[in-house]
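Visitor: I would like a close look at a single part of this model. Please take me through the strand at the centre of your choice, with its neighbours and its surroundings.

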Amino acid sequence: CDYKRFKKEYPRNLLRNGAPKTVKLKEKAYADYKSLVFTGPKWVLERAAESYLLKGKRLAEIDEFIDTDNVFVPRKTDKLRELLGIPDNNKVILNVAPSNDPRKGVAFYMKVAELCKKEDITFIHVGYQGDADNVPENFIPISFVKDQVLLAEYYSLADLFVCTSLA
């Protein structure tokens, strides 16, 4: 992965370097806190602990909240499979990410779909923002899904979930 390329692509100020001012603002903001809480996976906390801005601070991890009691539970998917026209014998592979960000690796996912078009596999991409007419025939592009119950149905429909993110 070419992280330096992503750093150059990240939105920045082209006229002057605002980083020193931003660092000063963060130093001031963090100075009054003895404890900070981060949500997200453990690696986020580990990276945060490496920051000189957070040296000597007590950091606590809280997992991202996903309602696995009521929303993200196994769901019946017969109607969704029929609505999408997926044959009963096809395996379903799912990817969920905004497709317009190259760091999410959606191009790799689409390439695999292209390579597997003779197989009994259907590729579903939730968060697709491209040209829906220019995808492999075994690739179903789904735009952003706000409805969490529907999103849970897509996850339940999948035989395999694939995360192709590069960064």
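Guide: A residue is called buried here when its relative accessible area is under 20%, and exposed when that value is over 50%. With that cut-off, take strand β4 in this predicted model. β4 spans residues 121-126. Of its 6 residues, 6 are buried, so the strand is mostly covered by the definition just given.

Look at the two faces of β4. Ile-121, Phe-123 and His-125 point one way. Thr-122, Ile-124 and Val-126 point the other way. Residues on both faces are buried.

Confidence supports a close reading here. Within the chain, mean pLDDT is highest in β4, at 98. It is lowest in helix α1 (residues 3-9), at a mean of 56. Where pLDDT is low, predicted coordinates should not be read in detail. The chain as a whole averages 85, and 85% of the residues score at least 70.

Next, the sheet. Four strands make an open sheet, in the order β5-β4-β3-β6, with parallel pairing. β5 and β6 are its edge strands, each pairing on one side only. Strands of a sheet pair through backbone hydrogen bonds, and the pairing can be parallel or antiparallel.

Start with the β3 side. β3 covers residues 91-96 and pairs with β4 over 6 bridges, in the parallel sense. The route from β3 to β4 passes through helix α5 (residues 106-115), and this β-α-β crossover is right-handed. Two residue pairs help to set the register. Asn-95 has His-125 of β4 as its bridge partner. Val-96 stands opposite Val-126.

Now the β5 side. β4 and β5 are joined by 4 bridges and run parallel. Val-126 has Ile-142 of β5 as its bridge partner. Val-126 thus appears on both sides of β4: it stands opposite Val-96, and it is bridged to Ile-142.

Step outward from β3 to the edge strand β6 (residues 160-161). The two strands run parallel and share 2 bridges. Ile-93 is partnered there by Leu-160.

Return to the crossover helix, α5. Its buried residues include Val-106, Tyr-109, Met-110 and Ala-113. These four sit on the same side of α5, because they cover an arc of only 95° around the axis. An α-helix has 3.6 residues a turn, so residues three or four places apart point the same way. The other side of α5 carries Ala-107 and Leu-115, which are exposed. What do the buried residues of α5 pack against? They pack against β3, β4 and β5 (139-142). The helix that links β3 to β4 therefore has its buried residues in contact with both of those strands, given that contact means heavy atoms within 4.5 Å.

Two further residues, in other helices, give a contrast. Leu-80 is found in helix α4 (residues 78-84). Its relative accessibility is 5%, which is why Leu-80 counts as buried. Leaving out residues up to four places away in sequence, Leu-80 touches Leu-150, Glu-153, Tyr-154 and Leu-157. Leu-80 and Leu-150 are 70 residues apart along the chain, yet their C-alpha atoms are separated by 9.2 Å. Ala-31 lies in helix α2 (residues 19-31). At 52% relative accessibility, Ala-31 counts as exposed. The C-alpha atoms of Ala-31 and Leu-54 are separated by 9.0 Å, with their positions 23 residues apart along the chain.

Last, set β4 in the whole chain. There are 6 helices and 6 strands. From the N terminus on, they run α-α-β-α-β-α-β-α-β-β-α-β. The chain has 167 residues, and buried ones make up 28% of them. Among contacts between residues at least 6 apart in sequence, 61% join residues at least 24 apart. The accessible surface is about 12400 Å², and 55% of this belongs to carbon and sulfur atoms.

To return to the strand you asked about: β4 pairs with β3 over 6 bridges and with β5 over 4, and 6 of its 6 residues are buried.

Notes: Residues numbered from 1 in each chain as written. Predicted model: local features only at pLDDT ≥ 70, side-chain atom pairs only at ≥ 80, totals over all residues. Heavy atoms only, no water. Pairing = 2+ DSSP bridges. Right-handed = clockwise from strand over helix to strand, strands pointing away. Buried < 20%, exposed > 50% of the residue type's maximum accessible area, 1.4 Å probe, protein only. Arc of directions from axis to C-beta. Areas by Shrake-Rupley, 256 points an atom, 1.4 Å probe, with all protein chains shown as cover. pLDDT = per-residue confidence, 0-100.
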